[in-house]
Amino acid sequence: MKEVYPVHERVRKISYIKSREEYEKLQQQFLADPPGWWAKMADEYVTFFKKWDRVEDFNFDIRKGPITVRYFEGAQLNVAYNCLDRHLEKRGDKAAIQWVGNEPNEERAITYRELHKEVCKFANVLKAHGIKKGDRVCIYMPMVPEAGVAMLACARIGAVHTVVFGGFSSEALSVRIRDSQAKILVVCDGTFRGAKAAPQKKDADTALKDCPSIEKAIVVKRVGDKLGKLDWTPGRDLWWHEEMAKVSDQCEPEWMDAEDPLFILYTSGSTGQPKGVLHTTAGYLLFTAYTHKLGFDVHEDDIWWCTADIGWVTGHSYTIYGPLCNGATSLMFEGVPNYPTYSRFWQIVEKYKVTQFYTAPTAIRAIAKEGDQWVEGIDLSSLRILGSVGEPLNPEAWHWYYSVIGRNQCPIVDTWWQTETGGFMILPLPGAIPIKPALATLPIMGVVPALMDDTTGEEVRELVGRGALCIKRAWPGFTRTIYGDHKKYQETYFEPFPGYYFTGDGALRDSDGYYRITGRIDDVINVSGHRMGTAEVEAALNSHEKVAESAVVGYPHEIKGQSIYAYVTLKTGVEKSDALRKELVALVRNIIGPIATPEKLQWADGLPKTRSGKIMRRILKKVAANDIGDLGDTSTLADPSVVEDLVRNRL
């Protein structure tokens, strides 16, 4: 594997930004006049009904008063108008959403004109049931087109949507509805996950027992009679198709203020109680459109596919809002990567001639683990740019993705960002920035990162350094508050380093100014006074040819303070043995040094992951510390049975 992969000429020649020099020049333009830069971008990407009085106004320093972030104050616009109406003249017959169902023969191309009509109709359904500007609507659905329709319909009338991932438990749904005080729930009768149909309304019914704010539940028929008879609450439960048949397909968009709320999205409980991250209208829409177009070099005839579920911010920003604001065709996939076989992703790429493919390292590793035969004979020549989101791609997965899927000619845009940031923050612009595997590389223009020394609290001024990753100034896509708890917002993000947004992640910066994300700060282990990023130990373990995946945590040690406990998942068919365990421990020692030697290494057939693919480290820490009395809420895990296996086999 090379250290640096230069930009491919076939990508550079059509890209918007063609060199590092050009990128640096644009970043300098931004730094010279940030309000001027964002005003120019707003004119380019967004249509306003009324222009703004002031571009930006923010305070990141808690010592100077409450934290505030405001963009385009005085302006009025509508998100659905930007995503639909303004495209009708030139792109009315272009596919807005190319939907691909769970079964390979299920598909539906929805044009901008058709989507506009559906959105207007559902907006009228919401209005008919008393939903007004500012009311909250909860969406609990799989990846069906109606989910996107419901989001855009809320935006059209000024309702605030809160999407809850369709695979979450009834308890997780109930907590989020109670916090947001949603008045309407939009849900499916059931969902498909691979070969199985699973109930969804049934879970919603359980959740709604504790949710008095919900007045109506609007139900999309997806699985039909495959799950038997549905429980039905007359007066509350309504069929989507029946409601849609009663209304007009014309609905004027509400004029929204730039800082009116657009949505609340709860971050999963890997840090305890979920936080309702609130995004507003103008700044969020601008930032998603701007980062989507430049970050993946999206052109008019491209077919864009982000595999993320709309239950996560990635699905909000890069399946719905960013692509549709830009008038792109966005592929929306209901299924899973391994159904009917592990070829599914690549068959879809071939069939629809996907040009940009954006997925999570978890999916890449899961497919790579099964071998290359699932890619053989499939034409992936339409692909121009690959992307990754959710966690850093480890070098082995990076190389497989680059060589096997990208045929050594597609840049991998390894993006670092968060629910809170609204859109991409650090990434290699595909036509401009040479790539170093597993590094997030450089901030997109308009983003100013800083590394903070967490012992002194001062910024690391040297080019090469490491520290807590913070952002120095506001940008339009940043979350404005935690819904109902501005105090928690200030404490979490702005108290650790006054004057800076604290991301919670650690990072390294190299001599080229490239950033490498080393993992959550709370995933740093202190062994005998030495700080050790868990991501570094995991990278060493994952470099072994027999390892599929690993997770590393600290556990209490009477001499060292903390020591290293590693959980290792081997590739399919590899035998677990003491000899292999010793080999892996020696490998870490050789790659990082004796200080990083795992004291304990447990074989794990699976790791406890949330449904978005995040490893729930608090559970691993408890098992490692033998503190298994109360493992907390495991309902948001993709497979809760993994936890029992870990407890049973703990060392």
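**View 1. The whole chain, with 61% of its 651 residues counted as buried.** Here buried means under 20% relative accessible area, with exposed over 50% and partly exposed in between (1.4 Å probe, protein chains only). Keep in mind that this is a predicted model: local features need pLDDT of at least 70, side-chain atom pairs count only at pLDDT 80 or more, and totals for chains, interfaces and linings use all residues. Residues are numbered from 1 along each chain as its sequence is written, and side-chain values use heavy atoms, leaving out hydrogens and water. You'll find 20 helices and 30 strands in the chain; these are DSSP runs numbered from the N terminus, with helices (H or I) of at least four residues and strands (E) of at least two. The chain's radius of gyration is 24 Å, close to the 26 Å that the globule rule gives for 651 residues, so it's as compact as a globular protein of that length. That radius is taken over C-alpha atoms, and the rule is 2.2 Å times the number of residues to the power 0.38.

**View 2. The largest nonpolar core, made of 125 residues.** A nonpolar core is a set of buried Ala, Val, Leu, Ile, Met, Phe, Trp, Tyr and Cys residues joined through side-chain atoms within 4.5 Å. Among those with the most contacts inside this one are W38, F72, L115 and Y290. Helix α7 (residues 145-157) gives the largest share, 9 residues. Domain 1 (7-78 + 279-446 + 472-499) and domain 2 (86-255) both chip in residues, so the core lies between them; the domain bounds come from an automatic or database domain assignment.

**View 3. Zooming in on L115 and what it touches.** Leaving aside residues up to four places away in sequence, L115 touches L84, A96, I97, I110, V149, L152 and L324. A contact here means heavy atoms within 4.5 Å. Apart from the largest core lies another core, of 31 residues, including A363, W398, W400 and Y401.

**View 4. Helix α13, residues 344-352.** Which residues of this helix are buried? They are R344, F345, W346, I348, V349 and Y352. Right after α13 comes K353, with a positive phi near 55 degrees.

**View 5. A hairpin built from β9 and β10.** Strand β9 (residues 190-193) and strand β10 (residues 196-199) pair in the antiparallel sense over 4 bridges; for two strands to pair, DSSP must find at least two bridges between them. R193 stands opposite K196 in β10. The strands have 2 residues between them, and G194 in the turn has a positive phi of about 65 degrees.
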